[in-house]
Amino acid sequence: MSATTRRLTTAQALVRFLSAQYTERDGVRRRLIAGTWGIFGHGNVAGLGQALVEYRDTMPYHQGRNEQSMVHAAVGHARQLNRLSAQAVTTSIGPGATNMVTGAALATINRLPVLLLPGDYFASRAADPLLQQLEHPVEADVSVNDTLRPVSRYFDRITRPEALIPSALNAMRVLADPAETGAVTLALPQDVQAEAYDWPEEFFAERVWTVRRPAPDPVELDAAVAAVRAARRPLIVAGGGVHHSEAEDALRALVDATGIPVASTQAGKGSLRHDHPADLGGIGHTGTAVSDALARDADVVIGVGTRYTDFTTASGTLFRNPDVRFVNLNITGFDAHKLAARPLVCDARTGLERLTEALAGYRVDAAYEAEYGEGKERWDAVVEAALRAEDDTAVPTQTQVLGALDTVVGDDDVVINAAGSLPGDLHKLWRARSPRQYHLEYGYSCMGYEIPASLGVQQAAPGTPVWALVGDGTYLMMPTEIVTAVQEGLPVNVVLVQNHGYASIGGLSEETGGERYGTAYRHRAADGSFTGAPLPVDLAANAASLGMDVLRAKTVRELRAALAEARASDRPTCVYVETDPTPTAPPAEAWWDVPVAEVAAREPARQARERYDAQVAGRRRHL
């Protein structure tokens, strides 16, 4: 071996390379790949598995129980650290690899970085077919890993050792690029993982990837400023990009200077503290009454770091002012041009700072500020009524569970949720006190995300109380990472809400003519319906069997005490509570398009179609 090369296997070279990668933004440097999650099988145990042992002092390893869960944990880690640090996930070939597809889709949809390292078939075809290999009849180079292509921002199959060099560099480039990031997949044939090669020493040198803060184009900035200055009823829609850019202070400075109110998406909630005079809470189908009322009459909507999903736009029915125009400040041109907007393609913090400077002297009318201030006051009263329990000896409703948690958490606690009826209640009612407190995964709304994501958040922010809020449906999807929390000594808190079924989809089923069929966890009745007695399932006992401390609460008073005990514990703890199913959350203030059967024999479906036709008539394309 010459002085300028090092002989290592491909897997060893990859782990060594990953250990020397860093990001830097605003003078703060972080490990780009902070650790590796893994479940070993024949496709990675002798390659990456051996390499992780070889470099265990420089690359932390975390043992997972489910491949999808491991990706969720890595995503939670990346989001908590504002995309400046990621984790890798390695799996065997076959089902281990395909189990990652859901997690990869979640990462890419939410623009969050994660590095996927699945094993693959023999590049040499020495063993053909090998165990778990997909044999495609006309494309011999296709493997199950190709299912990761459409959900990855970058994909490559490393069929020769030297091919790793350009591919690994491209993978890091995408992971660290705020406009391109998402899931990155390097498929690794198991024979290539173990093959030795003389690697140039430069490949292992410490490398720093600068996370850019591009400034807005002057022409685009002038157009955006002109649009805002002409506005009488402007509204800011704050998305996840505000948090990713750490632009909360810049947003508050703009709002304080101009008086423009802020409504937030699920990803953007917490961009302003809940008690800021201009914070109106969530927007869209799960939004607040004051946000949605202002959105209907807004003449200029300033989107900051948002993708404008159908929940935000109420499926194209929310922004009703015939003269409404959009100004979209976004790191990606793809999102900045949505809704025929005047684009402002730039970093959120830099763009907001420039916008504030250029809008010097502009402020909305005092009457407009008074209007949304009064609306906020009315909504705050609605929130207080929904969270408050008049009788603390009663069984809590779901919103009262949130109220009890609200009394226990500190400003820096992190509350995690993703699917079911809780996202709607949280978006309307949760009073976010800090930028990272509200952690909702609603780009993919993936059941099973919460518990594994809490592990990633806890790893990213040691010492921070982390709460995974899960319903019984989500819990049954993916509880296995509880074992990992116990093994790793991560004191996450799981609040397990038992309502014996899919509450959210049950309500949607009823609204759209499905009559809640198949949405409850109950015995099947004689007529085939799912309306019998609740199933004799003890989820609290299940959590205890996986190693958690479990606290059962039957009343509001017991719930508050259990939550406080869990927060003070240094062990993974589950607070289990059965809820009163009586709806206590405020109803939706805006529509969501779920197409209803155009013809049906049953009356509930026919009535649902009448309601649907009335709503869809209000849809609008912004051109």
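Leaving aside its neighbours within four places in sequence, which residues is A314 in contact with? The tour will come back to this after a view of the whole chain in this predicted model.

**The whole chain**

Begin with the entire chain displayed as a cartoon. Its secondary structure comprises 24 helices and 23 strands. The radius of gyration is 25 Å, close to the 25 Å that the globule rule gives for 623 residues, so the chain is as compact as a globular protein of that length. Along the principal axes, the C-alpha atoms fill a box of roughly 75 × 70 × 55 Å.

Next, display the surface. The chain exposes about 24300 Å², and carbon and sulfur atoms supply 52% of this area. Of the 623 residues, 57% count as buried. Among contacts in the chain with a separation of 6 or more, 76% are between residues 24 or more positions apart.

**The opening stop: A314**

Select A314, in the loop between α12 (310–313) and β16 (325–330). A314 counts as buried, because its relative accessibility is 0%, and the cut-off for buried is under 20%. Now add A590 and W591 to the selection: these are the residues that A314 is in contact with, once neighbours within four places in sequence are left aside. D292 may be added as well; from A314 to D292 the C-alpha distance is 9.4 Å, and the two are 22 residues apart in sequence.

**Helix α1**

Move to residues 10–18, which form helix α1. Is this helix mostly covered or mostly uncovered? It is mostly covered, since eight of its nine residues are buried. Among the buried residues of α1 are L14, V15, F17 and L18; T10, A11, Q12 and A13 are buried as well.

**Charged pairs**

Colour Lys and Arg in one shade, and Asp and Glu in another. The chain has 59 positive and 76 negative charges, and the mean positions of the two sets are 2 Å apart. Side chains of opposite charge can pair when their charged atoms come close. The structure holds 38 salt bridges, and three of them are visited below.

Select R233 and E371. They form a salt bridge in which the closest N and O atoms are 2.8 Å apart. This pair links distant parts of the chain, 138 residues apart: R233 is in the loop between α8 (218–229) and β12 (234–238), and E371 is in helix α15 (residues 366–387). R233 is buried, with a relative accessible area of 17%, whereas E371 counts as partly exposed at 33%.

Select D392 and R557 next. Their side chains meet in a salt bridge with an N to O distance of 3.0 Å. D392 is in the loop between α15 and α16 (398–408), R557 is in helix α23 (residues 556–568), and 165 residues separate them. D392 counts as partly exposed at 23% relative accessibility, and R557 counts as partly exposed at 49%.

Then select R602 and E515, a salt bridge whose closest N and O atoms are 2.4 Å apart. R602 is in the loop between β23 (573–578) and α24 (603–616), while E515 is in the loop between α21 (503–511) and α22 (539–545); the two are 87 residues apart. R602 counts as exposed, at 53% relative accessibility, and E515 as partly exposed, at 34%.

For the final stop, select E384, R388, E390, D406, R431 and R433. Salt bridges that share partners join these residues into one network.

Methods. Residues numbered from 1 in each chain as written. Predicted model: local features only at pLDDT ≥ 70, side-chain atom pairs only at ≥ 80, totals over all residues. Heavy atoms only, no water. Buried < 20%, exposed > 50% of the residue type's maximum accessible area, 1.4 Å probe, protein only. Helix = DSSP H or I, 4+ residues; strand = E, 2+ residues; numbered from the N terminus. Salt bridge = Lys/Arg side-chain N within 4 Å of Asp/Glu carboxyl O. Rg over C-alpha atoms; globule rule 2.2 N^0.38 Å. Contact = heavy atoms within 4.5 Å. Areas by Shrake-Rupley, 256 points an atom, 1.4 Å probe, with all protein chains shown as cover. Lys, Arg positive; Asp, Glu negative; His and termini not counted. Charge placed at Lys NZ, Arg CZ, Asp CG, Glu CD.
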